[in-house]
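Open the structure in your viewer and keep the sequence panel at hand. We will go from stop to stop, selecting a few residues at a time.

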There are 2 protein chains.
Amino acid sequence: MKVIPVAVIGKGGVGRAVVAALLRSQSRAQARGVNLFVNAIAGHDGIAVSREGWPEASLVKFAAGAGDWRDLTGVRVCTSHAELVAAIGAVTRPGQIVVDVSAAESAAWHLDWLRRGWHVVTANKKPLTASRESYEAIMAASRQVDGPRHRHEATCGAGLPIISTIADLLAAGDEIQEISAAASGTLGFVFSACQAGRTFAAAVAEAKLRGYTEPEPRDDLSGKDVARKALILARLLGWSMELSDIPVDDLVPKSLQSGSVENFLAGLPTASGYIDERVSAAAKNGQVLRYLATVGPAGITVGLREVPRESPLGGLAGTENMFVVRSRYYDSAPLVIRGPGAGATVTAVGILSDIFRIINL
Amino acid sequence: MKVIPVAVIGKGGVGRAVVAALLRSQSRAQARGVNLFVNAIAGHDGIAVSREGWPEASLVKFAAGAGDWRDLTGVRVCTSHAELVAAIGAVTRPGQIVVDVSAAESAAWHLDWLRRGWHVVTANKKPLTASRESYEAIMAASRQVDGPRHRHEATCGAGLPIISTIADLLAAGDEIQEISAAASGTLGFVFSACQAGRTFAAAVAEAKLRGYTEPEPRDDLSGKDVARKALILARLLGWSMELSDIPVDDLVPKSLQSGSVENFLAGLPTASGYIDERVSAAAKNGQVLRYLATVGPAGITVGLREVPRESPLGGLAGTENMFVVRSRYYDSAPLVIRGPGAGATVTAVGILSDIFRIINL
């Protein structure tokens, strides 16, 4: 039995879901001759480490969100990247996998982890949407024969098999003509709610209440999260671009760009009437609004678009995502992947898929 | 550069498309330190073999369907499995991949190839839908650590990522509740044409004319091809079943079960009125007919069903397939994969995806 340690960077909902999925996948991994165990769980303020892994009961409790993370043994304060790698380095073994489910600007960290021979699996989009140079350095490190691998399935569509499918098409000699995507579960929920008659402000408030938005809902409404996904897809296609090259349709009213979250939510009903007017105007023509990203002959576009209510994109409900790929091979009709594209559990599916691809090496 | 030989068993349209895709994927493979080359092309009547591979120009000509397969060097008569493996064995090297795009009853062959240490990639469903014992023997051989691998992405949905996605979900600890699928490009085309007003007989004749059916169109209409796909999905979920356990809705009228293809096509207009009546009856209720397979709590069902015209399944056109997966993780909305599910080029995509998964090992 080969023993593979997994360090989880980020101890919010997704980090807990990854630990839960690792526990549930143990028998599958063991059937492949691999014993996967968590040897580190880190947040912005500290890290718990263990050379042999923790008792299953402790991890079950952590995964369920019961009790405090500090209940685990081996907790130490850790507020810098140097402390983080020292802590993991003290308990690491060959085959170390580091899972980044944080929201940190961690491009330099990823490169450092790879150079230490650690595999990296990320749901965090920031390290892949920093400068082109850092992206290329990460990919080059991941391409070394017998070297560690960098994988990022969960950055687009959470657990939906987007990155791997496009990579497979490219490997098979395909030429991608266009990828269009409803890639934000949060904005999908908001505009489905608008379609059902709610105002934009009420839909945003409901999304916040249900936990579908970031703690700062403007991070979702700015469209920057969708732009990051579009950039990750474009870079996968070999395009040389920076995040700042992508024009983004910002849904945060100008008057509410700054100030507290409370003031933003309080001001939204009066400031966002123009979005409600767009919803009504679209409805009169049998259209609905969807926040879409397109990577294609016209470059990258990210913004609010009218689509027919009866179309596949118009039929999306709740937090569903849809990715539509047109290519040389898929020319008569596109390849379409649809499903919930946000949420801790389905994000963990994407992480686990990547972990299994690495342990299959 | 690691040299990996690929033997292609089946020299029809899919075999040619696999060779074409291998040629187009050369630079991607070389970027991963691998040189993929075709060292054998076999049909039911003979095999061409070459230790070093053929000149690119010869393969391009073969892939384009121009000239005769016998233009390749190293052709020998080969009408038995013993002769086939002897011919490949004479030119093999470590890492041999055998691609089965034939329609042979090749379960015993697959097991023999695996036992010789050859990897197997199949679009042919028959070796996976023979007895449960032979399926389990193939899977057990493929599970050996450092042993050869057996992969079959192209058996369901051609190039659509169905098998790998379901395998990833299972690996991540998911529990699949139901897979429902429009899994036949041929029957999809036929019932889309019926929906557009053609009679069943005219739709079948057109599908035959366009090359969407098997040479014997009753092989498609019998539903057995869909039943094989359903069995492959069920076995992936760990179900113990035989093909004969699956009740199938046979669309070949009883009076036309035997006799020549010509007589079948000539007799179909008068014998298939009852299917046209089902199409009309469905249309009166806003429904359309789709030939569906379901693997779920009620077991496996395969047959013609009414679905709402405005539903995702009702919206399928031409040869499009759709696979809908409901699971513990995908419970709020299903994971849906849609796209062309038949045709030589997209089948080659599935084959190449599997080849790349093997060379990534």
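## First stop: a helix with two faces

Select helix H13 of chain A and colour A:Ile275, A:Val279 and A:Ala282, which are buried. These residues cover an arc of only 70° around the axis, which puts them on the same side of H13(A). Keep in mind that you are looking at a predicted model.

Now turn the helix around. The face pointing away from the buried side carries exposed residues: A:Tyr274, A:Glu277, A:Ser280, A:Ala281 and A:Lys284. The helix itself runs over residues 273–284, twelve residues in total. From its first C-alpha to its last it reaches 17 Å, close to the 16 Å expected at 1.5 Å a residue.

What covers the buried residues of H13(A)? Show helix H8 (185–195), helix H9 (200–209), strand S9 (287–296) and strand S10 (299–308) of chain A, which are among the covering elements. Before moving on, click A:Gly286, just after H13(A): this residue takes a positive phi of about 70°.

## Second stop: strand S9 and its partners

Stay in chain A and select S9(A). Seven of its ten residues are buried, so-called mostly covered. S9(A) and S10(A) form a hairpin, with two residues between them. The two strands run antiparallel and are joined by ten bridges. To see one of these pairings, pick A:Ala293 and look for its bridge partner in S10(A), A:Val302.

S9(A) also pairs with strand S8 (residues 176–182) of chain A, in the antiparallel sense and over three bridges. Here, select A:Ser180 and you will find A:Thr294 of S9(A) opposite.

## Third stop: one residue in helix H7

Next, go to A:Ile163, found in helix H7 of chain A. Is this residue buried or exposed? A:Ile163 has 21 C-beta neighbours inside 10 Å, and therefore counts as buried. Leaving aside neighbours within four places in sequence, its contacts are A:His152, A:Glu153, A:Cys156 and A:Leu236. For a distance to try in the viewer, take the C-alpha atoms of A:Ile163 and A:Ser240: they are 77 residues apart along the chain and separated by 17 Å.

## Fourth stop: where the chains meet

Show both chains together. The contact takes 41 residues from chain A and 41 residues from chain B. On the side of chain A that touches chain B, the elements giving two or more residues are helix H1 (13–24), helix H7 (163–171), strand S12 (335–340) and helix H14 (344–359) of chain A. The largest share, seven residues, comes from H14(A).

Of the interface residues of chain A, 100% are also interface residues in chain B, so the copies meet through the same surface. Chain A can be laid on chain B by a turn of 180° and a shift of 0.0 Å along the axis, with an RMSD of 0.0 Å. That is the relation of a two-fold axis.

## Last stop: a sheet in chain B

Finish in chain B, where seven strands form an open sheet in the order S4-S3-S2-S1-S5-S6-S7, with mixed pairing. Strand S4 (75–77) and strand S7 (150–151) stand at the edges with a single partner strand each, so one side of each has no neighbour in the sheet.

Zoom in on strand S2 (residues 34–42) and strand S3 (residues 46–49) of chain B, which run antiparallel and are joined by three bridges. B:Ala42 stands opposite B:Ile47 in S3(B). Finally, add helix H4 (residues 81–89) of chain B: this helix lies across strand S1 (2–9), S2, S3 and S4, running at about 5° to S3(B).

Terms used: Residues numbered from 1 in each chain as written. Chains lettered and ligands numbered in written order. Predicted model: local features only at pLDDT ≥ 70, side-chain atom pairs only at ≥ 80, totals over all residues. Pairing = 2+ DSSP bridges. Helix = DSSP H or I, 4+ residues; strand = E, 2+ residues; numbered from the N terminus. Contact = placed C-beta atoms within 7 Å. Axes fitted to C-alpha atoms, helices over the stretch in contact; angles between N-to-C directions. Least-squares fit on C-alpha atoms with pLDDT ≥ 70 in both. Expected span 1.5 Å × (residues − 1). Buried ≥ 20, exposed ≤ 12 C-beta atoms within 10 Å, placed from the backbone. Arc of directions from axis to C-beta.
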